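Visitor: Could you walk me through this one and tell me what stands behind the words you use?
Guide: Sure, ask away.

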Amino acid sequence: MSAPPSYRSIVGEGIWSNNQMLVALLGLCPLLATTTSATNGLGMGLATTAVIACSNGTVSLVRNLVRPEIRIPVFVLVIASFVTLVELIMQAYFYEMYLVLGLFISLIVVNCMIIGRAEAFASKNRVDRALVDGLAVGLGATLVLTTLGALREFVAQGTIFYQADLLLGEAAKGLTISLGEDYQGALIAILPPGAFIGLGLMIALKNSIDKLVKGLKAAPKPAPAAPAPSVETAAT
Amino acid sequence: MKTKSILLAGFVLGAFAVTGVTLVALTHKAVDGRIADNQYQAMKRKLDTILPAQRIDNDPLQDSVQVSARDYLGAETTQVYRARKGEDPVAVVLEPVVPDGYAGPIKLLVSVMHDGTIGGVRVISHHETPGLGDKIEETKSAWVLEFNGKSLHNPPLEKWGVKRDGGEFDQFTGATITPRSIVNAVKNALIYVDQEGEALFKAKPAAPAQAQERT
């Protein structure tokens, strides 16, 4: 067994270099469907993070107990249970948000990002690393969802974090940024094509930043040793 | 040997299923009341905006009947909530479904006063195009307030349509189908209340709305 990855590299991979949404393009369904506003994106991201951290932790804990031939059904069971829990808790404590995101919360079950991390990482690593990986991947996804949501909301309505109080309570009203009532807006941003265009722009931006960074430190030292080859499961 | 490993795998899988279901069941039990309460409060807030609170002394959510009038209300069965002051009927609130929205059914909440005028119309759920058809939401545009105080005689029945069809009600730039179907559904709801008259208030109340699953 190769040396286990350091926390640093786990976090770096999850948030940036192997961002599941921008690099692996996993979990496109919630990404495209729920990012009509920054608040929705944030809510969806937090729900996904909760599920992925819990499922990673559990999968890692039981990894020696579960025989290889039944691991996929076990992962599905674990993930489905956690998603249902998150859905119930959301209904009980964030009801307004649930009304907006309800349908997509159950769809977290089929988010291949989560089963992908369970299979590729959690089932092969200690529980602490699996938890860190879950949180990092979840945070990476949350950042993408929130940014894309903010982008689409801003272009379409001229606001950012409109109705953030639904998710974060009254105090969050101050988060809302608005261009004012007379902003006409570009409708396409909030329609499904806008999600694809926005995502494309974000991927392009990430790639060009990577390229720039690579160019800056091109000569001095060789690129850091390739991390343990992560078996990215094919998107389902 | 082989049988043993299959049995073991089955047992492990079964254990996970039982644990998962137990966790979900326990959580459900713990938050069930809170969820029902949330649904009740959300519904009550909506009703409060279209009913004259100071003229009512019952809880319309606890005083509902189920009716079946597909032709007028769009769904096989719908709830009718009755608002009263003492024994006197004040208003009914219907939940018509607009079957012919631009992108699927639209659920409405329509309150009709005892004198036949509309207390208010609200959209509960819809799938209309954001930015065009979604101006039917009260948070996005004041359009839906146009219905306040209207009745079957004001405007007259033949004027119950959008302006493009020669009626009284505004349509939106770029979206005529949505307002047209809503105007039609509200008209049908009014006709239904007019036909049923007092009977709507006399029917025995069904089980409290609280206990019912709302989707």
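Guide: Let's get one cut-off out of the way: buried means under 20% relative accessible area, exposed means over 50%, and partly exposed is in between. Also, keep in mind that this is a predicted model.

Visitor: Then why is Leu25(A) called partly exposed?
Guide: Its relative accessibility is 36%, and partly exposed covers values between 20% and 50%, so Leu25(A) counts as partly exposed. You'll find Leu25(A) in the loop between helix 1 (7–17) and helix 2 (28–34) of chain A.

Visitor: What makes the phi of Leu25(A) worth a remark?
Guide: Leu25(A) has a positive phi, about 55°, and it is not a glycine. Most residues other than glycine have a negative phi.

Visitor: Why does Met202(A) count as buried?
Guide: Met202(A) comes out at 14% relative accessibility, and buried means under 20%, so the label is buried. Met202(A) lies in helix 9 (residues 192–216) of chain A. Leaving aside neighbours within four places in sequence, Met202(A) is in contact with Leu22(A), Val144(A), Thr147(A) and Leu148(A).

Visitor: And what about Asp134(B), buried or exposed?
Guide: Buried: Asp134(B) has a relative accessible area of 7%, and the cut-off is under 20%. Asp134(B) sits in the loop between strand 6 (118–125) and helix 3 (177–196) of chain B. Not counting residues up to four places away in sequence, Asp134(B) touches His126(B), Glu128(B), Thr129(B) and Lys140(B).

Visitor: What is the omega of the peptide bond that joins Asn154(B) and Pro155(B)?
Guide: Omega is about -5° there, and the bond is cis. Most peptide bonds are trans. Pro155(B) is placed in the loop between strand 6 and helix 3 of chain B.

Visitor: On to the helices. Why are helix 4 of chain A and helix 6 of chain A called oblique to each other?
Guide: The axes of helix 4 (residues 71–93) of chain A and helix 6 (residues 112–120) of chain A cross at roughly 130° and come within 10 Å. Roughly perpendicular runs from 65 to 115 degrees, and roughly antiparallel needs over 145. The angle fits neither of those, so the pair is oblique. Helix 4 of chain A passes helix 6 of chain A in a right-handed crossing.

Visitor: Which residues of helix 4 of chain A and helix 6 of chain A meet?
Guide: Arg71(A), Ile72(A), Phe75(A), Val76(A) and Ile79(A) from helix 4 of chain A meet Ile114(A), Ile115(A), Ala118(A) and Glu119(A) from helix 6 of chain A. By class, that contact has seven nonpolar, no polar and two charged residues.

Visitor: How do you know that helix 3 of chain A and helix 5 of chain A are oblique too?
Guide: Helix 3 (residues 38–61) of chain A and helix 5 (residues 95–106) of chain A pack at about 55°, with axes 10 Å apart. Roughly parallel means under 35 degrees, and roughly perpendicular starts at 65, so this pair is oblique. Thr39(A), Asn40(A), Gly43(A), Met44(A) and Ala47(A) in helix 3 of chain A meet residues of helix 5 of chain A, including Met97(A) and Phe104(A). That contact divides into seven nonpolar, three polar and no charged residues.

Visitor: How many helices and strands does chain A have?
Guide: Chain A has nine helices and two strands. Of its 236 residues, 45% count as buried.

Key. Residues are numbered from 1 along each chain as its sequence is written. Chains are lettered from A and ligands numbered from 1 in the order in which they are written. This is a predicted model: local features need pLDDT of at least 70, side-chain atom pairs count only at pLDDT 80 or more; totals for chains, interfaces and linings use all residues. Side-chain values use heavy atoms; hydrogens and water are left out. Axes are lines fitted to C-alpha atoms, for helices over the stretch in contact, and angles run from 0 to 180 degrees between N-to-C directions. Helices (H or I, at least four residues) and strands (E, at least two) are DSSP runs, numbered from the N terminus. A crossing is left-handed if the near helix is turned anticlockwise from the far one by less than a right angle, and right-handed if clockwise. Contact means heavy atoms within 4.5 Å. Ala, Val, Leu, Ile, Met, Phe, Trp, Tyr, Cys and Pro count as nonpolar, Asp, Glu, Lys and Arg as charged, and the others, Gly among them, as polar. Buried means under 20% relative accessible area, exposed over 50%, partly exposed in between (1.4 Å probe, protein chains only).
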